[in-house]
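This report walks through a single protein chain, taking its charged contacts before its sheet and its buried positions. Please keep the sequence and the structure in view while reading.

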Amino acid sequence: REAFFNIFGRVASTGGFVIGSGTLEASEKWYHDIVKEGLDANPRTGIHSFILPTWANTVAFPGGREDPKIKRLEAVLPKEIFDVRIGAQPIRLAGVAVREASRDRHVTVEGTDLNPRYPVEMAIDPGYTGGYAVLALQFYEGKVRVIDEVYVRLLATPDVINIAQQREWYSHIIPGNAGVIDRAAKQHNASYGDSVLEIWADIAGTHLDLTEAVIPVADGLDQLRIHLSAERIIINPRCTGLLAEWDLGPFPDGFDGYEPWHYRSNPDGALVGDKALSGADHASTAFTYWLVGRF
């Protein structure tokens, strides 16, 4: 890492550029973060990434993605190994929980900006030290559209509400159908008295439909996987927190050291258990509340 950044210092005085190449498999998190951020249209670093899957070599694989040799590899290899080694997808961790998500199929600017003809709903997972996630969603023409997010930590609910109220989409929330929130939002805080739900109602004047039953992690993941596999979910690239939880980009500032939502594994890399309990899942959990409530 030190050598990589030293190279940028060497070309700074001349305004030169750097070309870096390398494989993502088994590489370190900092490298993955740089590569994934560079996949965005306008990365803040100015670094642009280009992914070359195996089938980009049309001399060896004249049929491209549909070449019979590629199809055979896809049939033989486990999906995650195929995606990483053959598809060059920037997946760093074994056992990423939402492995059906793909930047190519699910992340797009087109169709994910605010459409003023349709209402906006929020999906909220409140927190403090770990993180506080608010997703802004629109559903029309058969697509679930994640148009924006508030993804922060170490901020109280009034601060998060203030951020949300500054967003263009906030005025398109319909009172009485503002969205969903974690059931724990009903609990009264010993320090502040009011519950998170009451604070949203008092400050924002919104009624949030609470999820009535605890949603098992596996059930929420099933909903995400069903809709992702059917390509019914599209996400604006500005939703960096949600995408980072799915290992599709780096975490926002302030979340250094956070890992994508994934299954636990032993030192040999074998997955342990069938519950995705490791890593950040704030926005993902909020999303599952909304999906289960809607569908």
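## A network of charged side chains

Arg65, Glu66, Lys71 and Glu74 are linked in a network of salt bridges, in what is a predicted model. Within this network, the side chains of Arg65 and Glu74 meet with a nitrogen-to-oxygen distance of 2.9 Å, while the salt bridge between Lys71 and Glu74 has its closest N and O atoms 3.7 Å apart. Glu74 therefore appears in both of these pairs, and the second pair is contained in one element, since Lys71 and Glu74 both lie in helix H3 (residues 68–76), 3 residues apart, or about one turn of the helix.

How buried or exposed are these side chains? Glu74 has a relative accessible area of 31% and is partly exposed; Arg65, at 27%, is partly exposed, and Lys71, at 34%, is likewise partly exposed.

## A salt bridge across the sequence

A search of the whole structure finds 10 salt bridges, and one of them joins Glu100 to Arg225, with the closest N and O atoms 3.5 Å apart. Because Glu100 lies in the loop between helix H4 (79–86) and helix H5 (103–106), whereas Arg225 belongs to helix H8 (residues 217–229), the pair ties together parts that are 125 residues apart in sequence.

Both partners fall under the 20% limit that defines a buried residue: Glu100 is buried at a relative accessible area of 16%, and Arg225 counts as buried at 15%.

## The sheet and the helix packed on it

The model contains an open sheet of 6 strands, in the order E5-E4-E1-E2-E3-E6 and with mixed pairing. Strands E5 and E6 (233–235) stand at the edges, where each has a single partner strand, so one side of each is left without a neighbour in the sheet.

Strand E1 (residues 121–125) and strand E2 (residues 132–140) run antiparallel and are joined by 5 bridges; in this pairing, Glu121 stands opposite Leu137 in E2. Helix H6 (residues 157–165) packs on the sheet, where it touches E2 and E3, and the direction of the helix makes about 130 degrees with that of E3.

## The surroundings of Ile34

Ile34 is found in helix H2 (residues 29–37) and is buried, with a relative accessible area of 16%. Which residues does Ile34 touch, not counting those up to four places away in sequence? The contacts are with Phe4, Phe5, Ile47 and Ser49.

A further relation concerns His48, which is 14 residues from Ile34 along the chain, and the C-alpha atoms of these two residues are separated by 9.0 Å.

## Confidence in the model

The mean pLDDT of the chain is 87, and 92% of its residues reach 70 or more. Confidence is highest in strand E3 (residues 143–152), at a mean of 98, and lowest in strand E5 (residues 209–210), at 78. The two extremes thus both fall in strands of the sheet described above, with E5 at one of its edges.

As a caution for the reader, predicted coordinates should not be read in detail where pLDDT is low.

Methods. Residues are numbered from 1 along each chain as its sequence is written. This is a predicted model: local features need pLDDT of at least 70, side-chain atom pairs count only at pLDDT 80 or more; totals for chains, interfaces and linings use all residues. Side-chain values use heavy atoms; hydrogens and water are left out. Helices (H or I, at least four residues) and strands (E, at least two) are DSSP runs, numbered from the N terminus. Buried means under 20% relative accessible area, exposed over 50%, partly exposed in between (1.4 Å probe, protein chains only). Contact means heavy atoms within 4.5 Å. pLDDT is the predictor's confidence in each residue, from 0 to 100. Two strands pair if DSSP finds at least two bridges between them. Axes are lines fitted to C-alpha atoms, for helices over the stretch in contact, and angles run from 0 to 180 degrees between N-to-C directions. A salt bridge is a side-chain nitrogen of Lys or Arg within 4 Å of a carboxyl oxygen of Asp or Glu.
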